[in-house]
Amino acid sequence: MKDYLSPFTVMVNLEDGTIPKAANVQQRRLSDLRGLFADQLAEASLLTKNPVIYQVYEVGTNPPEEGHLLYSTTVIYPGKVGNEYFMTKGHYHAKADRAELYYCLQGEGYLLLQTPEGQVNAQHMTPGAATYVPPYWGHRTINSGSNNFIFLAVYPADAGYDYKTIAEKGFASIIVGQGGETKLIPNPRYQVEG
Ligand code: M6P
Ligand code: ZN
C-alpha cells in the first residue's frame with residue numbers, strides 16, 4: 001500500500017513571525033554575509049559588533065523530494081550597513097527552474113529579483129503582499145523599514161540553494177536609504193562576467 005504522508009498544521013506566531021515548532025532555525029549574523037554589502041568599510045566596522053541580521057524558521061518535516069513543498073518564515077531585523085539596508089544572503093535555486101511564493105506578514109521591504117543575465121526587478125512588500133518568484137530568478141529580501149520585516153515563503157522541497165553565484169557576482173542593484181528616501185541604485189561591486 002502507498003505510504004501517505006499525514007497532513008499536518010504548524011502555527012506561525014503572527015506577533016513575532018516565529019514558528020515555535022520549526023524543525024530548523026537558522027540565525028544569520030553579519031559575519032555570515034561577509035562581502036555582500038556594497039560599503040566594505042562600513043561592513044568591516046560593524047563586524048566588531050556582528051549583529052544578527054535575520055532568522056529563518058523552517059518547517060522541515062517534508063522530504064526534500066519533487067512534489068513536496070517546504071515553507072519558512074524569515075524575520076529580518078531593521079538596520080543598515082553604511083546606507084544599505086539589512087538583507088538576506090540571496091540565492092538562486094540549485095534546481096533553477098523551481099519557483100517560490102512570498103507572503104508578507106509584518107513590516108515593509110523589498111523582494112529583489114535578478115535573472116542570470118543581470119536583469120533586476122524589485123517588488124515592494126507590505127503585509128498582505130503575495131509575491132511570486134518565477135523560475136530562474138535569483139532572489140533576496142531587504143528590510144527597508146524601521147521595524148522587523150517578516151514574511152512566509154513556500155518553495156518546492158527539491159529547489160535547493162545556489163549561494164555561490166550571488167557571493168561571486170552580487171546583485172546588479174542594491175537598495176539604500178539616503179536622506180529619508182529609499183532608492184534602488186546600481187551596485188558598484190557587481191561583477192558582470194567571470
Ligand atoms: C526565505 C526562503 C528560504 C530562505 C530564506 C533566507 O524564507 O527563500 O528558502 O532560506 O528566505 O534567504 P537566504 O537563504 O537567501 O539566506
Ligand atoms: Zn528561494
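Arg98 is buried, with a relative accessible area of 18%. In this predicted model, Arg98 belongs to a network of salt bridges that also includes Lys95, Asp97 and Asp158. The structure holds four salt bridges. The points below begin with that network, continue with the zinc site, and then turn to three individual residues.

**Salt-bridge network**

- Arg98 pairs with Asp97 in a salt bridge whose closest N and O atoms are 2.9 Å apart.
- Asp97 has a relative accessibility of 37% and therefore counts as partly exposed, the range for that class lying between 20% and 50%.
- Arg98 also meets Asp158 in a salt bridge, with an N to O distance of 2.6 Å. Arg98 lies in the loop between β5 and β6 and Asp158 in the loop between β11 and α2, so this pair ties together parts that are 60 residues apart in sequence.
- Both Asp158 and Arg98 are buried; for Asp158 the relative accessibility is 11%.
- Lys95 forms a salt bridge with Asp158 as well, the closest N and O atoms being 3.4 Å apart. This pair links distant parts of the chain, with Lys95 in the loop between β5 and β6 and Asp158 in the loop between β11 (149–156) and α2 (164–169), 63 residues apart.
- Lys95 counts as partly exposed, at 39% relative accessibility, whereas Asp158 counts as buried.

**Zinc site (ligand 2)**

- The protein donors of the zinc ion (ligand 2) are the NE2 atoms of His91, His93 and His139 together with OE of Glu100, lying 2.0 to 2.2 Å from the ion.
- Along the chain, these donors follow the spacing H-x1-H-x6-E-x38-H. His91 lies in the loop between β5 (84–85) and β6 (100–106) and His139 in strand β10 (residues 138–143), so the two residues tie together parts that are 48 residues apart in sequence.
- The angles among the four donor atoms run from 86 to 159°. The site is classed as irregular because a tetrahedral assignment requires all angles to lie between 85 and 135 degrees, and the square planar criteria are not met either.
- For reference, the ideal angle for four tetrahedral donors at a metal is 109.5 degrees.
- His91 is buried, with a relative accessible area of 10%, and His139 is likewise buried, at 1% relative accessibility.

**Arg28, a buried charge without a salt bridge**

- Arg28 lies in strand β1 (residues 24–29).
- Arg28 is buried yet has no salt bridge. The nearest side chain of opposite charge, that of Asp32, is 5.8 Å away, and the pair does not qualify because a salt bridge requires a separation within 4 Å.
- The side chain of Arg28 makes a polar contact of 3.2 Å with the side chain of Gln26. A polar contact of 3.2 Å also joins the side chains of Arg28 and Tyr163.
- Apart from neighbours within four places in sequence, Arg28 is in contact with Leu33, Val52, Ile53, Tyr54, Lys89 and Tyr163.

**Asn187, after the strand β13**

- Asn187 is placed in the segment after β13 (181–186) and is buried, with a relative accessible area of 11%.
- The side chain of Asn187 reaches the backbone nitrogen of Arg189 at 2.9 Å.
- When residues up to four places away in sequence are not counted, Asn187 touches Ala38, Phe171, Ala172, Ser173 and Ile174.
- Asn187 and Val176 are eleven residues apart in sequence, and their C-alpha atoms are 10 Å apart in space.

**Asp16, before the strand β1**

- Asp16 is found in the segment before β1 and counts as partly exposed, at 33% relative accessibility.
- The side chain of Asp16 makes polar contacts with the side chain of Asn13 at 3.3 Å and with the side chain of Thr18 at 2.8 Å.
- Setting aside residues up to four places away in sequence, Asp16 touches Val75, Gln106 and Ile150.
- Asp16 and Leu111 are 95 residues apart along the chain, and their C-alpha atoms are separated by 20 Å.

Key:
Residues numbered from 1 in each chain as written. Chains lettered and ligands numbered in written order. Predicted model: local features only at pLDDT ≥ 70, side-chain atom pairs only at ≥ 80, totals over all residues. Heavy atoms only, no water. Donors = N, O, S within 2.8 Å, 3.2 Å for Na, K, Ca; no water. Tetrahedral: all angles 85-135°; square planar, octahedral: opposite > 155°, others 65-115°. Helix = DSSP H or I, 4+ residues; strand = E, 2+ residues; numbered from the N terminus. Buried < 20%, exposed > 50% of the residue type's maximum accessible area, 1.4 Å probe, protein only. Lys, Arg positive; Asp, Glu negative; His and termini not counted. Polar contact = N/O pair within 3.5 Å; in protein donor to acceptor, adjacent residues only side chain to side chain. Contact = heavy atoms within 4.5 Å.
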